[in-house]
Amino acid sequence: MKSGIALRLRGVVKSYGERPILRSLSLDVPSGQFVAVVGRSGCGKSTLLRLIAGLTAPDEGAIVAGDHRVTGVQPDVRMIFQEARLLPWNDVLANVGFGTTGIDARARDARARTLLEHVGLADRAAEWPGRLSGGQRQRVALARGLMSEPRLLLLDEPLGALDALTRIEMQQLIERLWREHGFTAVLVTHEVQEAVALADRVIILENGSIAADVAIPMPRPRMREDGAFVATSAALLGHILQTRPAL
Ligand SMILES: Nc1ncnc2c1ncn2[C@@H]1O[C@H](COP(=O)(O)OP(=O)(O)OP(=O)(O)O)[C@@H](O)[C@H]1O
């Protein structure tokens, strides 16, 4: 198993036109840590992830993932989106293996099957994506995201479109994959309970700056009905409500 890589942001500035989105943001994420990013709509969460993924470039500052300065998309870093983005004309197995380079077809399919087992979909390898539920499609997206053995996984509200029960089951799956695969994780979520369930540490963004950086030292697995869980979630939500709305 490869281990996660550390992430370092220094003085990252990003604007769209005249509008500042991120303002001199600095952040250190140690190897293997699970970080959640929360904050009001429009505060810059997705922009932050896109910068880390190398999908867009900062105006100023530096982003370093492992030993490399991020200047574009790299195989060590993968991103999972709210929509699974599967190819409808490929079956599940081909979707998981899609875009994998550097290994022959047999090894690619074997790895894809292993990952489908990890996400509980081994028996759906020959299925068309259109016949899967939303939660199953996100499982396929997770398996595909793990094909290149990423050492940093970026999750942009991956469970936002799922019902509450599926969402909790998927959180448990993500936690297990994180433990077993050992990647560093940065999760953007609108749900404070999701952040508390999964993260070692929660960053609250306010208008493109870090308003709070909160350690979540609770033992795992975390139970939502525990007093500490409820109190931590309420405190985080209270903190977010105190932040200013995005400009
Ligand atoms: N490509 C773009 N061009 C112009 N403006 C953009 C672009 N992408 C994002 N923005 C703007 O940047 C701001 C931050 O957007 P971002 O998606 O990062 O916020 P967010 O915190 O993820 O929001 P939400 O929680 O609603 O998803 C918003 O005002 C948005 O309109």
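Which helix gives the most to the shell around the ligand? In this predicted model, that part is played by helix α1, which spans residues 45-53 and puts three residues into the shell. The full set of residues surrounding the ligand runs as follows: Tyr16, Ile21, Gly39, Ser41, Gly42, Cys43, Gly44, Lys45, Ser46, Thr47 and Ala246. Sorted by class, the shell around the ligand comes out as six polar residues, four nonpolar ones and just one that is charged.

Now for the chain as a whole. The domain assignment splits it up into domain 1, made of residues 1-76 plus 150-247, and domain 2, made of residues 86-149. Between the C-alpha centres of domain 1 and domain 2 there is a distance of 25 Å. Where the two touch, domain 1 brings 13 residues to the contact and domain 2 brings ten. On the domain 1 side, helix α5 (residues 164-181) supplies the largest share, with five residues. That side of domain 1 has ten nonpolar residues, along with two polar and one charged.

There is also a record to set beside this picture. An unreviewed UniProt entry lists residues 7-232 under "domain: ABC transporter". In the model, helix makes up 32% of that span and strand 27%. As for the two ends of residues 7-232, their C-alpha atoms sit 25 Å apart.

Notes
Residues numbered from 1 in each chain as written. Predicted model: local features only at pLDDT ≥ 70, side-chain atom pairs only at ≥ 80, totals over all residues. Near = placed C-beta within 6 Å. Helix = DSSP H or I, 4+ residues; strand = E, 2+ residues; numbered from the N terminus. Nonpolar A, V, L, I, M, F, W, Y, C, P; charged D, E, K, R; others polar. UniProt positions renumbered as here; feature names shortened; annotations may be inferred. Domains from an automatic or database assignment. Contact = placed C-beta atoms within 7 Å.
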